[in-house]
Amino acid sequence: MSKTVNPFPGLRPFRENEAPLFFGRKRHVNEIYSKLIKNRFVSVVGNSGSGKSSLVRAGLIPLLNQESWHVCRFRPGNDPVHSLQMAFQQIWPEANHASELDAMLRKGPLGIVQAVRTFNNSQKPVLILVDQFEELFRDNHTEKKRFAENESFIQLLLQASLQSDLPIYILLTMRSDFLGECEYYHGLPEAINESQFLVPRMQRDDLQDCLTGPVEYVGEYISPRLVQQLLDEIDENQDQLPVLQHVMMRTWEIWVEAEKESVPIDLEHYKKTGGIQLALNNHAEEAYSELNTEQQRICEVLFRSLCAGIIGGRGIRKSADIQTIAQIAQCSEQAIIPVAEIFRRHDRGFLLPDSSKKLLSDTKLDISHESLMRIWHRLSNWVKEEVEAAALYVRIAESALLFNEGKAGLWRDPDLQVALEWREKQNPTETWAKPFNPHFHQAMKFIQASEKEKWYAEKDSRRRRFFANVVITLVLLVLSVLSIWAYSERNNAEKSAQDALLKKAEADTMRNKAEEQTQLALDNFKEARQQEQLALKQKEATEVERQRAIELAEKARVSKIRAENESKRAIESSILANQQRQSALYQKQVSDSLRIIAEQEEKKATKLRILSLAQNLAIRSKLADTTNFDKQVKALLTLQAYRFQIAQGGNPFDPVIMNALLSATRTYQKSSEYLSYRHNDAVLSLQACPNQDMIVSSGNDGKLLFSTSQLKPAKESDKSMPMILDNLSYNASGERLAVSCDNRSIMVYSDQDPSKAQFTIIGKHDDEITAVVWNGSQIISASLDQHIRVFDSKTGEQLKSIELTSKPLALAVNPDKELVYAGCKDGKIIEINLKDGTNKVYYEVYNDRITSLVTSNDHSVLVFGTGNGKCKGIGLNQQSELFELNGHRAGIENMRFHPSQKLLATACFDGKVRLYDLENWQSSPPVEYDEHNDWVMDVAFTSDGLTLFSASKDKTLRSYPVFASQMADYLTKKIGRNFTSKEWNLYIGEDIPYQKTIPNLP
């Protein structure tokens, strides 16, 4: 293993695939296993930092995987039943009707039993692992609705463990300081007391194993004095086991950076971390210092959102999704992600999920371990501030409710000033406040009302002082005005006496003119009186005409109203008739819809039953021992299962159906039809010729063997060569073949004469050649000497030598863009431009190595496989992850695309060949063939896509039909009869009408 692969996980728990690095707990794992088998219910309880999760994930689960258990693992979260449903769908993808499964689990306390009975067709033991069970007791779990949900979930677990008909086992992990919360729930304390595993302290020898074991496993050495110092520092504080793992992770990194191959990990490297007391704080501060000012603000909000610090005064962690954190921080979701990435980097691991998971708006973040809250000083202060801020908010909210009920008054200083300063500093949002008290708006209005009352009180005081000053000023002003007025009035009186004499003379003149105007007005009045009498007569005549017009208009108005009423009644009658017609039509449509829905539901139920029956028939057929069982019945069971599956629109690549068809096919085949023993040692490489019905294989025995698609000899080299023939590669036309050897050479053959190489390329690489591919007229090779070399395929002349910073293990070519991809030992995929020799890291997988690479036939998709069994497809045009293929339990040695590009075959070190349906990769598990007795080294499809070949370390080649229809047609020709009526009723059922499995037979 590479020195760059760090064997210590840091703060996070060990994962299942890290079981080889998990030391010191073997006897504890065995104790849990014994309790689980005996009682069917075990609670693993311990303090924070005691190693509960690692003990179960890296200890118990790998042990159960060896025994083929189904492990249904989940955290309860806010909706534990929904979390359980999602976990069931992970282990049984066929449970894809989420509403049906959800209803099953919520129907009653036997929901788990019913779900396992429905979906666990293999009858394997089922472990339901509820990790961090204490999540049930957060967020006011005794509130009536939340308590009822928790009670229903707990009864599901207890009833599943109490029954004995099905192999269901329950395991909980829980912090010991939450044990007291269990007493609220019926039956839970009794179950925990019956079978509790309190995680014990690790003995000094065990602690030494957990320090030295991982280092020795990767082939390195740690000094005894460093081990001694660590044991002394941790002995009395075993709740700091995650901190120990973290400081060892940091010590390893510092040791690697020193680049002294012969020097063991020692005290000098350990001290640079800051030791047990400061390593974690220093590392977290280092991450914090990489943020700008705004990001540091977001960081504080993020971590405070993940600390449930007000529950009983205990600083405990909680999860929150990115969308919620963004609302609290009042920023975009995209601003949260880079901050989280810095803290969840693979060499830090302060946040979960780990860096291999892509962050989305609904991704829940979590602190990897509570010890970070205690040891990182900055976070410890944030937690205290969060507790104080939340406590003050709760007090404000409660006072607001009392004020609304008339039981309390508004706040005054100094309480009001404290609340105003809190509002200014905290800038609270409803999203932040809701978990503590839902009455956020009332609380904010209460502060505003208190602030406004304070303002009015101050304003009223200022107004009273102002009015007093105004009154005094007015009194003085009035006295001054009165004095001035009296003096002015005396002067005005004297002047008025003089003006009065002048006014009297003017008045006499005006009186004479008025008498003249009066006489003229009398004359005008007489004339106006005559005109008025004439107008009165005209008015009387006009009034008579007006009355007649009014009578006619009234008659017209009445006629119009009658006509409008008649028209309205006609319209209403028409509308009513139309409504009645529409109602009748609607009732008919409803009736038809209900009938159609009923028919569809009946068809759906029938379809599900037939598909389930097909699975059952296939399983019975595959398990049937033909030595004691009629092989025609075995074949008929398989064939009828296939007929049912296709008739009901089931997946033609269903692994159960495919395996049953292959098993039945094998009973009619001779071993020589699908199995070749022509090699004398491990078969390392396999290639199908693009232009002939032929495959070529090579291996440790130095043989280059050519076989037909029926595995019969076609042509071969004269004798075994004194070297290992490792990698094979045909050019696009199939006319030439390149073979790499363990002596660091490449031999090039022509299809005209495979007995002798046209030429050999030797002396170019300085270490083992790990891959050979063609790119038009060029041959490209990769070597552990960290070079990619390009050769002329006609002369063997070296055209280019490109140096990499990593050791390549696999190659794939994109000839359309003159690019080649190298999968490397340190987990990097490097993109190399063949035109100018430049290269860059295209993709990276941490703590793993890229063991295989392949591009699709149209060069749009790149698929990689790793030493730990990870398999992903990447879109080369968009550089985006397209799919992730699960199921591998060991390293993936090689992969091949089907000519249609819809299928992918993989060769795995767990001894299995897997065939993936890429169009339905999320819902359809792979077809697994486990006929080999050792590692599968390579796979290949024939050019017509009808046959898949595999090569193995067990010295054999094997062939498999690719499609279910091929095997069904083969069996149809081999079987000489149909089911009898008795056999039909026995295997299929009397309620399903008899039908001929093979129509042209009696």
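This is a short walk through one protein model, from the whole chain down to a single loop residue.

Hi everyone, and thanks for coming. Before anything else, please keep in mind that what you see here is a predicted model.

Let's start with the whole protein. The chain has 1002 residues, and 48% of them count as buried. Along the chain there are 25 helices and 38 strands. What share of the contacts with a separation of 6 or more comes from residues 24 or more positions apart? That share is 59%.

Now let's look at a pair of helices. Please find helix α9, residues 224-234, and then helix α10, residues 241-258. Their axes come within 12 Å of each other, and the crossing angle is roughly 155°. Angles over 145 degrees count as roughly antiparallel, and that is why α9 and α10 are described as roughly antiparallel to each other. As for handedness, α9 passes α10 in a right-handed crossing.

Which residues do the meeting here? On the α9 side they are L226, L230 and I234. On the α10 side you will find L244, V247, M248 and T251. Sorted by character, the residues of this contact are 6 nonpolar and 1 polar, with no charged ones.

Next, let's move along to a sheet. Here 4 strands form an open sheet, and its order is β32-β33-β34-β35 with antiparallel pairing. Which strands are at the edges? They are β32, at 892-897, and β35, at 927-929, and each of these pairs on one side only. On average, neighbouring strands in this sheet are turned by 20° against each other, with direction ignored.

Inside that order, let's zoom in on one pair. Strand β33 covers residues 903-908 and strand β34 covers residues 913-917, and the two pair in the antiparallel sense over 5 bridges. If you would like a spot to click on, try L904, which stands opposite Y916 in β34.

My last stop is a single residue, T942. You will find T942 in the loop between β36, residues 936-941, and β37, residues 947-952. Is T942 buried or exposed? Its relative accessibility is 8%, and the cut-off for buried is under 20%, so T942 counts as buried.

And what is T942 in contact with, once we leave aside its neighbours within four places in sequence? The partners are A688, S709, P899, T947 and F949. Do take a moment to find T942 and these partners in the structure above.

That's my tour, and thank you for listening!

Methods: Residues are numbered from 1 along each chain as its sequence is written. This is a predicted model: local features need pLDDT of at least 70, side-chain atom pairs count only at pLDDT 80 or more; totals for chains, interfaces and linings use all residues. Side-chain values use heavy atoms; hydrogens and water are left out. Axes are lines fitted to C-alpha atoms, for helices over the stretch in contact, and angles run from 0 to 180 degrees between N-to-C directions. Angles under 35 degrees count as roughly parallel, over 145 as roughly antiparallel, 65 to 115 as roughly perpendicular and the rest as oblique. A crossing is left-handed if the near helix is turned anticlockwise from the far one by less than a right angle, and right-handed if clockwise. Contact means heavy atoms within 4.5 Å. Ala, Val, Leu, Ile, Met, Phe, Trp, Tyr, Cys and Pro count as nonpolar, Asp, Glu, Lys and Arg as charged, and the others, Gly among them, as polar. Two strands pair if DSSP finds at least two bridges between them. Buried means under 20% relative accessible area, exposed over 50%, partly exposed in between (1.4 Å probe, protein chains only).
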